[in-house]
2 protein chains.
Amino acid sequence: MNKKEEKSPVKKPLILVVNDDGINAKGLRMLGDIAQQFGQVVMIAPNNGRSGMSHAITFALPLRLRKISSSKDFEMYKTSGTPVDAVKLALNYLLKDQQVDLLVSGINHGANTSVSVIYSATVAAAIEGCLSGVPSVAFSMVNYNNNCDFKAAQSAIQKIIQTVLEKGLPPHICLNVNIPNVPENEIKGIKITRQAINEWHESIVAREYPADMPYFWMGGSLLEKDKAKDTDHWAVKHNYISIHPINIDWTDYSMIHELKKWKIK
Amino acid sequence: MNKKEEKSPVKKPLILVVNDDGINAKGLRMLGDIAQQFGQVVMIAPNNGRSGMSHAITFALPLRLRKISSSKDFEMYKTSGTPVDAVKLALNYLLKDQQVDLLVSGINHGANTSVSVIYSATVAAAIEGCLSGVPSVAFSMVNYNNNCDFKAAQSAIQKIIQTVLEKGLPPHICLNVNIPNVPENEIKGIKITRQAINEWHESIVAREYPADMPYFWMGGSLLEKDKAKDTDHWAVKHNYISIHPINIDWTDYSMIHELKKWKIK
């Protein structure tokens, strides 16, 4: 190392890696490995899978947080909390006085497109980063297999991380990236998309305990109502990577004008 | 009843009443009583308070659902699920083949303005109704007392329910109503607002078990960064009722154009 480098060391970006599939998920390790190419990684994840937790937080119960040993050369923590709790613990406790340069969430096992965005804790973790002013990106791959091969996603994730580190993101906006489940050479490119407005079609199954009242299993599938070609759902279905910008302001501004005409007194 | 009325009975609107403070919350009963003035009420709520659950759903565990007796002349159910689970159980199981004309959520004990909208399960329940095409309104009062007097809120809630039943709501839009904690004669009127973009300032408290690792309590307060006068936060702080229209499409459309310029290949 020469003198000049010694005097002005370039600080490596500090990258927080989180997920909702839990500390043992393959997608988390993969994302940690990719992020590490760009900076210093701190990883935190729920003890177990917490899919569908959306932006849930825990304040009526105490949270556990434990540093775990790892073969990786970055810090790893697990928590009893939700994915959003994990982000809060990282930004406000573990890394309280440090500037976090990027938050990446995932790689989720399964799609987070269309209305699934609203239920997703992978996306919620990115929204939570954004709420704290950290450039944040959620990554999901349309493959529900625990042993999913994320290789096809790797180079796109690298490019997106690099670009966001270079350009930053405007305040109040985070990115939701979905990657189709095909080999890399079949990925057609990247589409910048809007959120498809499809409907979740529920199927609720009632069962009986041997000597008790019924219990219910929630399930369902997505009804493809929004067939336009500019959506996240269309993109991944047609083998494009989707990048969907989300704003944490959910206000419908055109409805403000409409409601003012209602004149409720 | 004369013949004409017998031949063409006007069907009373079917109104689903939900909350996140749980089946025993005073605000739920109050909202049920008000809704009942406008239609046939079905009420469903979590067994216990589930504040801060956002849009969390339960699919890895079975759900309980039980009809409970009540002095009220409407049906009441409680569930082990989250507020959003409750809405799904109601719309897709209890009322599966019926048209629900309105969903009202609340009256929440406490404000759901600014970024709290993102954590709120009261608001999430309204968003869930909206996702299923039901006109949906969340009501919150800026009073955290379990025994809060909701009287000041009553006439505003009546007017809003009546107006939404008359006019409906456009697809993909629901309303988030916040009522200040002052006597009715001090309420200055209704403001149609946008969501204030404030920041949640966390305070995480670490404690030690007698012979174990630490545990953590999450807490915090809102940093008032967005001081504009057109927000939900400003409205309730200045004794106005806030009506904030929320769209379930969280896409930032201006960022779509910006991202296209990035040319990530």
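**Exercise 1. A residue of strand 1**

Leaving aside its neighbours within four places in sequence, with which residues is A:L16 in contact? Work out also where A:L16 lies and whether A:L16 is buried or exposed.

*Solution.* Keep in mind throughout that this is a predicted model.

Step 1. Begin with the location: A:L16 belongs to strand 1 of chain A, a strand that covers residues 14–18 and is mostly covered, since four of its five residues are buried.

Step 2. Next consider the surroundings, where 26 C-beta neighbours lie inside 10 Å of A:L16. A residue is called buried if 20 or more other C-beta atoms lie within 10 Å of its own, and A:L16 therefore counts as buried.

Step 3. Now list the partners: once the neighbours within four places in sequence are left aside, A:L16 is in contact with A:V42, A:A90, A:V100 and A:L103.

Step 4. Finally, look at a pair that is distant in sequence, for A:L16 and A:D101 are 85 residues apart along the chain, and yet their C-alpha atoms are separated by 8.1 Å.

**Exercise 2. The strands beside strand 1**

Find which strands of chain A are joined to strand 1 by four bridges and run parallel to it, and describe how the chain passes from strand 1 to strand 2.

*Solution.*

Step 1. Strand 2 of chain A, residues 40–46, runs parallel to strand 1 and is joined to it by four bridges; within this pairing, A:V17 has A:M43 as its bridge partner.

Step 2. Between these two strands the chain goes through helix 2, residues 26–36, and the resulting β-α-β crossover is right-handed.

Step 3. Strand 5 of chain A, residues 102–109, also pairs with strand 1 in the parallel sense, again over four bridges, and here A:I15 stands opposite A:L102.

**Exercise 3. Chain A as a whole**

Describe the make-up of chain A in helices and strands, and explain why its radius of gyration agrees with that of a compact globule.

*Solution.*

Step 1. Counting the elements gives eight helices and 13 strands in chain A.

Step 2. For 265 residues a compact globule would have a radius of gyration near 18 Å, and because chain A has 20 Å, the two agree. Along its principal axes, the C-alpha trace of chain A spans about 70 × 55 × 50 Å.

Step 3. Of the 265 residues in chain A, 50% are buried, and among the contacts in chain A with a separation of 6 or more, 77% come from residues 24 or more positions apart.

Step 4. In soluble globular proteins, nonpolar side chains tend to be buried together. The largest nonpolar core here has 162 residues, and those with the most contacts inside it are A:V17, A:V104, A:V137, B:V17, B:V104 and B:V137. One of these, B:V17, is in contact with residues including B:L28, B:L31, B:V41, B:M43 and B:V104.

**Exercise 4. Where the two chains touch**

State how many residues each chain brings to the contact, and give an example of a strand pairing between the chains.

*Solution.*

Step 1. Chain A brings 63 residues to the contact and chain B brings 63 residues. Helix 8 of chain A, residues 253–262, gives the most to the side of chain A that touches chain B, with six residues. That side of chain A divides into 39 nonpolar, twelve polar and twelve charged residues.

Step 2. Strand 3 of chain A, residues 63–68, pairs in the antiparallel sense with strand 10 of chain B, residues 214–223, over two bridges, and A:L63 stands opposite B:F216.

Step 3. On the other chain, B:M255 is found in helix 8 of chain B and, with 21 C-beta neighbours inside 10 Å, counts as buried. Its contacts, apart from neighbours within four places in sequence, are A:P170, A:I173 and A:P245.

**Exercise 5. Backbone angles to notice**

Identify which peptide bond of chain A, with omega near -15 degrees, is cis, and say which residue that is not a glycine has a positive phi of about 55 degrees.

*Solution.*

Step 1. Recall that most residues other than glycine have a negative phi, and most peptide bonds are trans.

Step 2. The bond from A:G106 to A:I107 is cis, and A:I107 lies in strand 5 of chain A. In chain B, the bond from B:G106 to B:I107 is cis, with omega near -15 degrees.

Step 3. The residue with the positive phi of about 55 degrees is A:K263, found in the segment after helix 8 of chain A; because A:K263 has 8 C-beta neighbours inside 10 Å, A:K263 counts as exposed.

How values were computed. Residues are numbered from 1 along each chain as its sequence is written. Chains are lettered from A and ligands numbered from 1 in the order in which they are written. This is a predicted model: local features need pLDDT of at least 70, side-chain atom pairs count only at pLDDT 80 or more; totals for chains, interfaces and linings use all residues. The radius of gyration is taken over C-alpha atoms; the globule rule is 2.2 Å times the number of residues to the power 0.38. A residue is buried if 20 or more other C-beta atoms lie within 10 Å of its own, exposed if 12 or fewer, and partly exposed in between; C-beta atoms are placed from the backbone. Two residues are in contact if their C-beta atoms, placed from the backbone, lie within 7 Å. A nonpolar core is a set of buried Ala, Val, Leu, Ile, Met, Phe, Trp, Tyr and Cys residues joined through C-beta atoms within 7 Å. Ala, Val, Leu, Ile, Met, Phe, Trp, Tyr, Cys and Pro count as nonpolar, Asp, Glu, Lys and Arg as charged, and the others, Gly among them, as polar. Two strands pair if DSSP finds at least two bridges between them. A crossover is right-handed if, with the strands pointing away from the viewer, the path from the first strand over the helix to the second runs clockwise.
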